[in-house]
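Okay, thanks everyone, I'll keep this short. Have a look at the structure on the screen, and then I'll talk you through the sheet and the aromatic rings.

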Amino acid sequence: MAELDVVAWIQVSDGRMLAVRSRGRDLLYLPGGKREPGEDDWSALSREVREELGLELDRTSFQKLGVIRAPAHDQPAYAHVRMACFTASYRGAMAAAGEVDEYRYVGRRERHLLAPAAQAALDLADRHGLLA
């Protein structure tokens, strides 16, 4: 089976990481998604965050935090997810939009609410000292 290659935004506030629930999904994911043909990481992530949360990411603060690999959840065509994780500041008022029904900040105690790749991203954020 193929590996799902995606980009994700790690946004932490008050020591908790932002996660979203897409329509029809049982677990929370990170904002982000697949690149469209010809898109680089910045273009894909800024587009996805704008579509999902109505926010504009700040290009000057855009930084790669790391890449994680985890079992794919609710993706029958893929065995694993490769997720390039980035941080960036943002402008705008956050609101669930497009395919996103809910957003919330989660901490270590809520890791069971996250899909496997989002759990790995939570661990990555923790290793970088971003969580409370």
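One term before we start: buried means under 20% relative accessible area, worked out with a 1.4 Å probe on protein chains only. By that cut-off F86 is buried, because its relative accessibility is 3%. And keep in mind that this is a predicted model.

So where does F86 sit? It's in strand 7, while F62 is in the loop between strand 5 and strand 6, so their pairing ties together parts 24 residues apart in sequence. The ring centres are 4.6 Å apart and the planes make 15 degrees, so we call that pair stacked. Add W42, and together with F62 and F86 you've got one aromatic cluster.

Now the sheet. It's open, with four strands in the order 4-1-7-6, and the pairing is mixed. Strand 4 and strand 6 are the edges, each pairing on one side only. From one strand to the next the twist averages 25 degrees. Strands 1 and 7 run parallel, joined by eight bridges; one of the bridge partners is C85 in strand 7, which goes with A8.

Helix 1, residues 41-53, packs on this sheet and touches strands 1, 4 and 7, with its direction about 70 degrees from that of strand 1. Helix 2, residues 116-127, packs on the sheet as well, touching strands 6 and 7.

Back to the rings: the count is three aromatic pairs. W9 and Y90 make an edge-to-face one, 5.6 Å between centres and 85 degrees between planes. W9 is in strand 1 and Y90 in strand 8, 81 residues apart. Buried or exposed, what is W9? Buried, because its relative accessibility is 0%. Y90, at 32%, counts as partly exposed.

Key: Residues numbered from 1 in each chain as written. Predicted model: local features only at pLDDT ≥ 70, side-chain atom pairs only at ≥ 80, totals over all residues. Heavy atoms only, no water. Pairing = 2+ DSSP bridges. Helix = DSSP H or I, 4+ residues; strand = E, 2+ residues; numbered from the N terminus. Axes fitted to C-alpha atoms, helices over the stretch in contact; angles between N-to-C directions. Contact = heavy atoms within 4.5 Å. Phe/Tyr/Trp six-rings, centres within 6.5 Å; stacked < 30°, edge-to-face > 60°. Buried < 20%, exposed > 50% of the residue type's maximum accessible area, 1.4 Å probe, protein only.
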